[in-house]
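Reader: I am new to this. Please show me the structure, and then tell me what the words mean.

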Amino acid sequence: MPPLTITAALALRDGASIPQFGLGVYLAKGSACVESIHNAIAAGYRHVDTAQWYENEAEVGQAINSASIPRKDIFVTSKVWDTNHGYEPATRSIDESLRKAKLDYFDLFLLHSPNPGKEKRLEAYRALIAAKKAGKVKSIGVSNYGPHHIDELVQHYPDDLPVLNQIELSPFFQRGEIVKKCKEHNIAVESYSPLGKGQFVDLPEIRDVANKYKKSAAQVLIRWVLQMGYIVIPKSSNPARIKENADIFDFELSKEDMETLGKLETGSGITWDPTKSA
Ligand SMILES: NC(=O)c1ccc[n+]([C@@H]2O[C@H](COP(=O)([O-])OP(=O)(O)OC[C@H]3O[C@@H](n4cnc5c(N)ncnc54)[C@H](OP(=O)(O)O)[C@@H]3O)[C@@H](O)[C@H]2O)c1
């Protein structure tokens with residue numbers, strides 16, 4: 001495997017690629033959101049994760065359109081919110097996201113969750129396929145999909161499978177069954193809430209490992225996800241923490257420390273879990 005760098009990209013099953021490391025912007029609002037994206041770009045980030053639900057696509061687009069680097073060099077993801085499932089609503093909502101962000105295309109569009117039920121999510125997924133054909137989005141994927149939801153896509157849209165599944169994932173919640181199913185179909189895994197929304201950064205079991213490398217717990221948690229081969233999108237609006245979270249490409253967790261962290265599985269997460277929905 002080539003050495004990890006801040007711009008290292010993973011090849012996706014549709015031929016596109018995604019920077020493995022990015023910035024989450026849930027709860028980042030207004031000028032603070034624009035500033036945090038500009039700070040992140042200055043620190044080397046090339047990937048931003050937003051969603052219709054976050055109500056900051058306008059700010060994300062504003063930041064991208066006023067950035068110091070070209071649009072094509074930043075990977076931007078958004079997501080269809082649950083209330084926009086169904087073919088027509090999802091199509092309208094993607095157009096609305098593009099309009100709000102003032103972008104010509106998104107690099108990736110996901111269904112935020114499978115919660116609205118089978119019929120509506122399959123129709124929403126069909127809207128993603130059409131949006132890709134129309135050039136509005138470059139790649140399509142899902143979020144919070146469990147193994148049975150992925151099987152459903154394999155059954156209904158075998159030629160247009162999602163490039164990735166964005167799920168809560170950390171050493172404490174490793175999602176073995178979902179990861180296995182994704183690997184079976186060459187669907188990349190993307191970790192959200194890698195810091196447990198900040199709850200994991202004071203835990204002694206992470207700090208003990210971090211001290212060995214003179215790194216912070218947050219840096220170790222993010223690095224663990226990358227070394228597992230997944231995509232990761234830690235969120236921060238704080239300039240120092242945006243830099244800190246990106247300062248993880250000058251060390252490597254040893255095999256033993258990866259294993260130590262791998263033993264922290266608890267079987268439960270810290271946020272919503274739609275992966276088990278019908
Ligand atoms: N698809 C989904 O259902 C879903 C669900 C949740 C999240 N996401 C995506 O994943 C992204 C990340 O997940 P998340 O926002 O839930 O949680 P997270 O990245 O695990 O944690 C973010 C929290 O940790 C704090 N933090 C960041 N860096 C830190 C550091 N170095 N030291 C101490 N605290 C730090 C942040 O505060 P400051 O901002 O003050 O630094 C913020 O409160 C989201 O922003 C969103 O894009 C997707």
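Author: Start with the word pocket. On a 1 Å grid over the protein atoms alone, a pocket is an open set of points with protein on both sides within 12 Å along at least five of seven lines. Its volume is the space filled by probe spheres set on the points, and grid points are joined across faces, edges and corners. The largest pocket has a volume of about 740 Å³. This is a predicted model, where local features need pLDDT of at least 70, side-chain atom pairs count only at pLDDT 80 or more, and totals for chains, interfaces and linings use all residues. Residues are numbered from 1 along each chain as its sequence is written, and side-chain values use heavy atoms, with hydrogens and water left out.

Reader: What makes a residue part of the lining of the largest pocket?

Author: A lining residue has an atom within 4 Å of a point. For the largest pocket, 36 residues line it. Ser193, Pro194, Lys197, Gly198 and Lys235 lie nearest its centre. Helices H7 (204-212), H8 (217-227) and H9 (239-246) each give two or more residues to this lining. Helices here are DSSP runs (H or I, at least four residues), numbered from the N terminus.

Reader: Where does the ligand sit?

Author: In the largest pocket. A molecule sits in a pocket if more than half of its atoms lie within 2 Å of the pocket's grid points, so the ligand passes that test.

Reader: Which residues come nearest to the ligand?

Author: Asp49, Ser193, Lys197, Ser236 and Arg241, out of 29 residues around the ligand. Being near takes a heavy atom within 4 Å. H9 gives the most to this shell, with 3 residues.

Reader: Why does the pair between Ser236 and the ligand count as a polar contact?

Author: A polar contact is a pair of N or O atoms within 3.5 Å. An N or O atom in the side chain of Ser236 is 2.6 Å from a ligand oxygen atom, so the pair qualifies. For His112, the distance to an oxygen atom of the ligand is 3.4 Å, so this pair also falls within the limit. Asn245 has a polar side-chain atom 2.8 Å from a nitrogen atom of the ligand.

Key
1 Å grid on protein atoms, 1.4 Å probe; cavity = no way out; pocket = protein on both sides within 12 Å on 5 of 7 lines; lining within 4 Å. Polar contact = N/O pair within 3.5 Å; in protein donor to acceptor, adjacent residues only side chain to side chain.
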